[in-house]
Amino acid sequence: MISCNHLVNKIKKLGFEFDIPRIRLAFEFANQAHEGQKRFSGDPYIIHPLEVAMRILDFHPDEDTVIAALLHDVSEDTDRTLDDIENVFGPGVRSLVRGMEKLSQVRSRVDEPEVENLRKMFLSMASDLRVIYIKLCDRWHNMETLAYVRPEKQRRIAQETLNIYVPIASRMGIYSIKANLEDLCFKFLNADMYKLIHEQLEFYTKQNTNFINTEKDTLTKFLHKRGYNCRVASRLKNQYSIYKKLKKKGRSLVSDLYDIYALRVIVSDDLEDKLYQILGEIHSTWSPLANRFKDYVAVSKPNGYQSLHTTVVGLGLEEFNRPVEIQIRTESMHRQAEFGAAAHWLYKYHENPDMYNSEKCLDWIHELKNVESSIKNNTEFIENLSMDMFNDRIFVLTPKGDVKDLPESSTPIDFAYAIHTDVGNHCVMAKVNDSVVPLDHELRSGDVVEVITKKDSEPNHYWLSFVVTSEAKSKIKSYLRNADPDKTFKEGRDVINKYLESIGKPVLDPDLLVLKRFKGANLNQKQRYTLVEEVAIGKFSVKDLIKDIYPMDLLVKPKTKKSVKNSKNIDFSKEILVDGQPVNFPVKKTNCCIFKLPEPIGGFVTRGSGVSVHNLKCKVFQNTDDERKIKLQWKDTQKSDMYVVDLSIEIQDRVGLLKDVVEVISSFGVNILDVSLRESSDSTKTLKLFSLAVKDYDQLVSLIMKLNVIENVIKVSKIN
Ligand code: MN
């Protein structure tokens with residue numbers, strides 16, 4: 001039975017300079033955690049993580065990846081936690097194991113229409129490529145031991161593997177795993193056909209071994225005689241591919257296909273520019289079949305695969321003269337075809353341990369983009385792999401494991417409407433990963449979202465301010481529109497009044513006189529009434545309405561900058577920007593100038609001692625060489641567009657309330673200039689005064705709206 005020594009030996013054989021005691025410690029940790037657990041095969045559980053770690057080694061991973069492979073089932077299946085793992089092996093290993101945990105949520109039952117989403121979700125959730133490699137090896141070993149599992153489960157797992165794991169392995173160009181997984185799935189999903197092909201193939205191989213060896217020898221001698229440093233190998237098509245090909249051609253006999261096996265000429269990397277020459281020599285000796293030549297070197301396959309393919313006649317024994325497929329490639333191309341382009345790249349990184357250990361390089365995904373130039377002609381591969389392509393979409397799950405694909409920033413309400421209009425219309429509460437969240441909570445990929453509905457609950461206007469999907473928006477609007485007109489008016493009035501109060505203005509009077517002039521027109525009473533209704537049904541936003549009736553005068557520009565800083569106190573390197581960026585060169589102040597904060601400045605590039613800073617008015621500066629002047633700005637003047645606003649927030653205190661308020665404010669990127677407390681006439685309530693620097697009116701109104709829905713916030717009003 002496989003043991004930790006096998007793993008250590010393989011590491012040594014591959015020449016990886018890993019911390020062996022740390023690897024052994026990880027093994028012991030996993031072994032103890034899984035103590036007493038058994039696989040369905042009857043083997044001790046530890047065999048599984050050990051197998052996964054063995055397999056991952058072929059991809060030339062870093063040490064943490066091997067450790068994570070050993071620990072990958074610990075946090076989910078034993079009483080050891082992620083914290084325990086982090087305590088012993090550090091945060092890097094923790095996040096890999098956590099990544100594995102997250103991926104186990106992606107489940108696929110049948111060949112469902114959402115299967116493409118599942119694949120995307122899988123990729124987007126594995127924010128670290130290493131997790132995908134571990135997961136593929138994990139699945140590979142589980143598929144190999146699938147025979148011990150109940151038959152229904154066998155089918156489910158095999159189908160899921162075919163739906164998700166095979167396409168991903170294929171997209172990443174990992175032929176070794178793809179072919180193995182395919183054949184295993186085939187075996188469990190179509191046992192009869194598998195048996196039929198398997199038997200034929202065994203027979204075929206037995207019959208043909210001699211011929212194949214003769215062809216291989218002939219070709220090897222031919223190439224060695226011409227001085228090429230190369231080896232020739234034969235490869236058998238995998239069974240699932242044979243099955244697909246037979247099906248496509250409407251045949252049933254394996255021997256009807258003539259590319260069941262191919263010869264592979266693998267040349268040393270320095271012969272890359274000789275590939276076409278080798279092809280030419282082969283073609284001039286044996287006749288190529290027309291239309292069988294494929295150049296995947298000049299134009300590689302989307303997953304990065306590179307090779308020259310041709311089929312020739314006459315290579316074999318004379319009495320057995322059939323076409324033979326020949327694939328010509330370099331060692332690197334071969335490695336890439338077996339293990340994927342990413343592994344190929346890692347392999348190169350491995351030669352440079354310093355770079356390899358750097359924190360930067362741990363984020364393979366980001367680094368992959370930089371490799372784009374080094375792996376030619378496979379921009380599509382990079383695109384397919386880049387997690388960024390999913391940045392504007394998130395994938396969330398129902399408690400049953402169904403996947404919903406939503407735009408970024410979607411909320412439980414968007415999710416509820418994506419399930420069903422009724423679920424959206426009656427949504428009262430949402431749980432994300434088992435915790436209750438506000439309905440405007442921003443969902444993230446991988447969240448499990450549960451919506452709780454109540455029959456008599458209805459959508460409200462606040463929802464319109466945060467939902468993201470057009471589906472949710474239009475359904476909320478249509479619901480509000482169909483509501484009772486009198487009620488609609490009252491709702492509109494309440495919404496408007498709430499915000500009028502928030503900004504310190506009087507509420508609507510019965511005649512709605514404040515709405516008399518709107519968008520440059522005079523409105524009669526009926527029109528004013530309609531306008532309020534339109535706010536209620538979401539046709540018109542309350543924000544736009546208030547903006548129109550109380551334009552920008554609501555915001556007060558800050559008084560002139562508080563301090564005219566004395567030049568002695570200015571730390572130039574921190575307060576100055578070049579082209580909006582912090583300076584990264586030495587700056588020094590000059591004695592000729594006085595600096596007053598918003599007054600413009602300029603820099604002069606000295607010979608050898610960085611940049612000296614001058615007031616633009618400075619005569620000395622004005623007389624210096626123009627070519628050596630650079631533009632500088634004060635950092636602070638960039639913020640001069642800010643408006644200072646005082647908000648009073650009336651609250652009924654509870655634990656964590658102030659923290660919630662501050663969090664909402666900072667989520668808008670708004671600076672809190674000052675906070676103070678004011679006595680309230682009612683002793684159960686408190687008033688907090690916040691002095692804030694806001695960017696614009698929109699930001700202020702959105703902030704007020706959001707503050708208003710915090711639990712135990714009674715009223716928010718603007719007071720200056
Ligand atoms: Mn596992």
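## Aromatic pairs

In this predicted model, ten aromatic pairs are counted. One of them joins tyrosine 296 and tyrosine 305 in an edge-to-face arrangement, with 5.8 Å from centre to centre and 70 degrees between the planes. Planes over 60 degrees apart count as edge-to-face, so the angle gives this pair its label. Both partners are tucked away from the surface: tyrosine 296 is buried, at 18% relative accessible area, and tyrosine 305 is buried too, at 14%.

Now look at phenylalanine 489 and tyrosine 529. Their planes are at 5 degrees and their ring centres are 4.0 Å apart, so this pair is stacked. It links distant parts of the chain, since phenylalanine 489 sits in helix H24 (residues 485–502) and tyrosine 529 in helix H25 (residues 525–536), 40 residues apart. Phenylalanine 489 is buried, with a relative accessible area of 10%. Tyrosine 529, however, has 32% relative accessibility and counts as partly exposed.

## A ring cluster and helix H12

Rings can also join up in groups. Phe186, Tyr194, Tyr240 and Tyr243 are linked by ring pairs into a cluster. To find part of this cluster, go to helix H12, which covers residues 239–249. Tyr240 and Tyr243 are among the buried residues of H12, together with Gln239, Ser241, Ile242 and Leu246.

What follows H12 in the chain? The next residue is glycine 250, and its phi is positive, near 70 degrees.

## The manganese site

Which protein atoms are the donors of the manganese ion? They are NE2 of His48, NE2 of His72, an OD atom of Asp73 and an OD atom of Asp138, lying 2.1 to 2.3 Å from the ion. Along the chain, the donors of the manganese ion follow the spacing H-x23-H-D-x64-D.

The two histidines come from distant parts of the chain, 24 residues apart. Histidine 48 belongs to helix H3, while histidine 72 is in the loop between helix H4 (63–71) and helix H5 (74–77). Are these histidines buried or exposed? Both histidine 48 and histidine 72 are buried.

## Two helices side by side

Helix H3 (residues 47–56), the home of histidine 48, also has a helix partner. Its axis and that of helix H1 (residues 4–13) come within 10 Å and cross at roughly 10 degrees. That angle makes H1 roughly parallel to H3.

From H1, the residues making the contact are Cys4, His6, Leu7 and Lys10, and from H3 they are Leu50, Ala53 and Met54. Sorted by class, the contact of H1 with H3 has five nonpolar residues, one polar residue and one charged residue.

## Around tryptophan 463

Tryptophan 463 is a good residue to pick out in the viewer. You will find tryptophan 463 in helix H22 (residues 461–464). With a relative accessible area of 3%, tryptophan 463 is buried.

Which residues does tryptophan 463 touch, leaving out those up to four places away in sequence? They are Ile413, Tyr417, Gly424, Cys427, Leu439, Glu458 and Ile476. Aspartate 414 is another residue to compare in position: it is 49 residues from tryptophan 463 along the chain, and their C-alpha atoms are separated by 9.6 Å.

## Two asparagines with positive phi

Glycine 250 has a positive phi, but asparagine 433 has a positive value as well, near 45 degrees, without being a glycine. Asparagine 433 lies in the loop between strand E9 (427–432) and strand E10 (435–437). Its relative accessible area is 41%, so asparagine 433 is partly exposed.

Asparagine 712 is not a glycine either, and it has a positive phi of about 75 degrees. Where is asparagine 712 placed? It is in the loop between helix H30 (697–708) and strand E23 (713–718). At 28% relative accessibility, asparagine 712 counts as partly exposed.

## The protein as a whole

Stepping back, the protein has 30 helices and 23 strands. Of its 720 residues, 49% are buried.

How do contacts spread along the chain? Among contacts between residues at least 6 apart in sequence, 66% join residues at least 24 apart. The histidines of the manganese site are a pair that links distant parts of the chain, and so are phenylalanine 489 and tyrosine 529.

Notes:
Residues are numbered from 1 along each chain as its sequence is written. This is a predicted model: local features need pLDDT of at least 70, side-chain atom pairs count only at pLDDT 80 or more; totals for chains, interfaces and linings use all residues. Side-chain values use heavy atoms; hydrogens and water are left out. Axes are lines fitted to C-alpha atoms, for helices over the stretch in contact, and angles run from 0 to 180 degrees between N-to-C directions. Helices (H or I, at least four residues) and strands (E, at least two) are DSSP runs, numbered from the N terminus. Angles under 35 degrees count as roughly parallel, over 145 as roughly antiparallel, 65 to 115 as roughly perpendicular and the rest as oblique. Contact means heavy atoms within 4.5 Å. Ala, Val, Leu, Ile, Met, Phe, Trp, Tyr, Cys and Pro count as nonpolar, Asp, Glu, Lys and Arg as charged, and the others, Gly among them, as polar. Donors are N, O and S atoms within 2.8 Å of the metal (3.2 Å for Na, K and Ca); water is not among the atoms, so sites may look incomplete. Buried means under 20% relative accessible area, exposed over 50%, partly exposed in between (1.4 Å probe, protein chains only). Rings of Phe, Tyr and Trp (its six-membered ring) pair if their centres lie within 6.5 Å; planes under 30 degrees apart count as stacked, over 60 as edge-to-face and the rest as tilted.
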